[in-house]
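Trainee: Could you take me through one part of this model in close detail, and then show me what surrounds it?

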Amino acid sequence: MSTIEVAVLLAAVVVILGLGWFFFGPRRALAATLSGGVQRVEVTVHGGYQPEVIQVRQGLPVELVFDRQESGDCTSRVVFPDFGISAALPAYSRTTVALDPAQPGTFPFACGMNMIHGSLVVETAETAETAETAETPEPAAPTSADEETSGPRSTTAPASRDATEDEAAQARERRAEITDLTRRLIVGTVLTLPVLVAVMAHDLFGADWVPGVLLDRWVQLALITPVMLYTGWPIHRTGWLSLAHRNADMNSLITLGTLAAYGYSLLVTVAPGLLPEDVREVYFEAVGVILTLIVLGRLLEARAKAGTGEAIRALLGLQARTARVVRGGIETEVGVDEVVVGDEVLIRPGEKIPVDATVVSGSSAVDESMVTGEPIPVTKHAGDLVVGATINTTGSLRVQAAKVGADTMLAQIVRMVQQAQASKAPIQRLADATSAYFVPVVIAVAVVTFAVWYLAGPPPALTLALVSAVAVLIIACPCALGLATPLSIMVGTGKGARAGILIRSAEALETAQELDTVVLDKTGTITAGRPALTDIRAIGTVAEDDLLRLVAAAEADSEHPLATAIVTAAHIRGLSDATADRFTSITGKGVHATVEGHDVLVGTRLLTDNGVDTALLDPIAAELSAEGKTPIMAAVDGQPAGVVAVADTVKDDSAAAVAALHHLRLDVVMITGDNARTAAAIARRVGIRRVLAEVLPEHKADEIRRLQAEGRRVGMVGDGINDAPALAQADVGLAIGTGTDIAIEAADVTLISGSLAGVVTTIRLSRATMRNIRQNLFFALVYNAIGIPVAAGVLYPLLGLRLSPMLAAAAMALSSLSVVGNANRLRRHHATPLANAPVGVVEPIVETGAELERHGSVRRVASSSPRVASR
């Protein structure tokens, strides 16, 4: 082995060891300064974060002031996944991000493209007092310090600007970047194309028509130098800044590769005598093609990525710009941001409702599809709530503003979507762990490739070693790996929001596709949650309409919910004209009234106490009771007149939703505090095979735990305060949007429309998104796993094949485009309407808490009742 070969080998070893220290060596953490009870740190954003490691104390508010000294899409947003924060960072501006570090540990943050990373180290007060500034090792992969505990949460808005201004600023920046890249691409194409055509035609095809001037090295140098310095400037600038921060990304690899090829070609051109004759080849065309292709890929990528944020822009576009407000009796048109709570607002047909409000007067059908995803307009009357951004279709409304600004439902939807897009799916940890080592390993592979080709390759060894090392640097694509998950999460959560489904985090979106059991609360979830008249069975001489009119008049002054259902039904049917002259309510028994001269008794026990023979009414009552309804007997003038039945009615699409969940191979379980008979009747109507009945509210979470103990991944759907613990216990909690705020807060997913169809859509969307992410990761990982070894020359000993740096550049650009394009393909996913399939004959198994704990066995009840199991 010659002296030069020994020197090359030793140099390779030294460089690889140096790379290990450079990228993974200890780094100094900057401690926050405490002022006025708030910890503050200024972070410079310029090709990376400086400082990258920030040390703060637990339990004290933190303000991070990001001073962004650059433009471009990469660093236009900073994401703190553990805090649920995604803050826009306008170019050449200072933005304050407020955090509340409630948990100790190391929490990563990154740019919106997940390519530039930093760490927030939260120390306990005791630890912080004993360590002023410490040498803190950079984490190999950015992960939360404690994945088992709940992460911290932000206490204030992440930026002072509202979402509309942020989105507008980002759109301007994106347009400016696209314009700049287009200009640089044109310059690169115009200057590179003549050199490429000349070299390819002459060297590959032996063409003699190629002008000799284009083959002159000095002419090629003159043409390609502007491409190197101007077209490639965004790449070189970012690449060097990343290296200056002891990080490296795709731009760093391209910069190192093109600089090596350009520098070698420059040396051959300017001082050829320094090199042997057999290695005096220039690679100007390769430099030009590589940089032009990379800029083309980045331009296409920027255009494609603009589509992934479509959901936020569409939501913001729904907002009304002005409102017609009545103040002091005068109608005035003001900006929507000037409306205050209590203002009366006039809304004409065809106008958007500006804020969340209560209808004061008027009646109209309101199109709420843009918020709930439901296509059928909902008729609104005085006292009803209307949501901002929905459209008033037919009549005029006068409403009173109830929620404005950041408190409106639209603002909450935008905020929740942003938080979901800022969160990190568990599957992304694989990509993050890989990315942390990726670029240093690629540079090390390039060094090894150069050394092996130089020491063991055929002549000209130096040229082949250089070309192979450059090909390795160029073909590697960490960008595709970094984008694989965030882009799909952004599209998936956005699609959910436009369908009326608010997904709180990426983790919930990922977990939903793993569910095998869905537990549905009965009241307010499967059913409407309010009693309604279902049956009128008249006997004797009294007609059904007369029976309802008399019973409704007798119940008109009662405050019982069942009475309200009867009175409402009579009003809807135009049978509410009768009034009671005398009314007596007997608690626990019923009401006694005189209506139009008739003595009316309503209530089973009251009829019995007054000596009315109920023999003809008992079979009717038993039949209705078996169907899960509440029968109410009535007598007129001392004679049995009939039975009316009231029940919590099943929602129109509940049966179809249950059938769709079964089609998705999910077990559906109903949970309720109702008795076994009523629960089974509802289960039969919607096709549910398993029922947990007579479950006390405080035991619902225990039932979820029991199902999880069976090895199930459980999703819980509920709407009430008593459902909140179960929603929190479930692997994924889905709250009905028409339910209580406490239930919604405890859930991972909110279904704005209140329809069970949203559960089906959520699971389908989750499966589609995770399938898309796995495809992206496959493209990124397989591409690099195959491309890098081929570029290094593993096929040369077997097939004599080497990879040109120009082909490597084309492959690298295509890899990023494949990931971005595949993520955008998810935008074509649409919610499939539920099929109105008939409910088959189902005899549910009902499990009741008291019976199960007492007996621990399964028993069969009467044939007219459901099967009851004990646990």
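Mentor: Let's settle one word before anything else: a residue is buried when its relative accessible area is under 20%, exposed when it is over 50%, and partly exposed in between (1.4 Å probe, protein chains only). Keep in mind that this is a predicted model, where local features need pLDDT of at least 70 and side-chain atom pairs count only at pLDDT 80 or more, while totals for chains, interfaces and linings use all residues. Residues are numbered from 1 along each chain as its sequence is written, and side-chain values use heavy atoms, with hydrogens and water left out.

The part I'd pick is α22, residues 654–663. Helices here are DSSP runs of H or I with at least four residues, strands are E runs of at least two, and both are numbered from the N terminus. Eight of the 10 residues of α22 are buried, so the rest of the structure largely encloses this helix. The buried ones are S654, A655, A656, A657, V658, A660, L661 and H662. For scale, buried residues account for 53% of the 871 residues in the protein, which has 30 helices and 38 strands. Right after α22, R665 adopts a positive phi of about 65 degrees.

So what does the covering? Contact, by the way, means heavy atoms within 4.5 Å. Over the buried residues of α22 you find, among others, the strands β24, β30 (639–650) and β31, plus the helices α17, α23 (676–686) and α27.

Take α27 (residues 757–792) as the partner to look at in detail. The axes of α22 and α27 come within 8 Å and cross at roughly 25 degrees. That makes α22 roughly parallel to α27. The axes are lines fitted to C-alpha atoms, for helices over the stretch in contact, with angles running from 0 to 180 degrees between N-to-C directions. Under 35 degrees counts as roughly parallel, over 145 as roughly antiparallel, 65 to 115 as roughly perpendicular, and the rest as oblique. The α22–α27 crossing is left-handed; that label applies if the near helix is turned anticlockwise from the far one by less than a right angle, and right-handed is the clockwise case. From α22, the residues involved are A657, A660 and L661, and they meet A757, V759, V760, I763 and R764 in α27.

Follow α27 further along and you run into α13 (461–475). These two pack at an angle of about 165 degrees, their axes 8 Å apart, and are therefore roughly antiparallel to each other. Here the crossing is right-handed. On the α13 side sit S468, A471, V472 and I475, which meet Y783, N784, G787, I788, A791 and A792 in α27. The loop between α12 (428–456) and α13 holds P460, and the peptide bond joining P459 to P460 is cis, with omega about -10 degrees.

Back to the cover of α22: α17 is part of it, and T525 lies in that helix, residues 522–526. T525 is buried, with a relative accessible area of 0%. Setting aside neighbours within four places in sequence, T525 is in contact with K651, S654, V717, G718, D719, I736 and L756. S654 should ring a bell, as one of the buried residues of α22.

There's also a link through the strands. β24 and β31 are in the cover of α22, and they turn up again over the buried residues of α24, where β32 (690–693), β33 (714–718) and α25 (724–729) are also included. In α24 (residues 700–709), K700, A701, E703, I704 and L707 are buried. They span an arc of only 160 degrees around the axis, which puts them on the same side of α24; the arc is that of the directions from the helix axis to the C-beta atoms. Just beyond α24, G711 has a positive phi of about 90 degrees.

One last point for the whole protein: among contacts between residues at least 6 apart in sequence, 68% join residues at least 24 apart.
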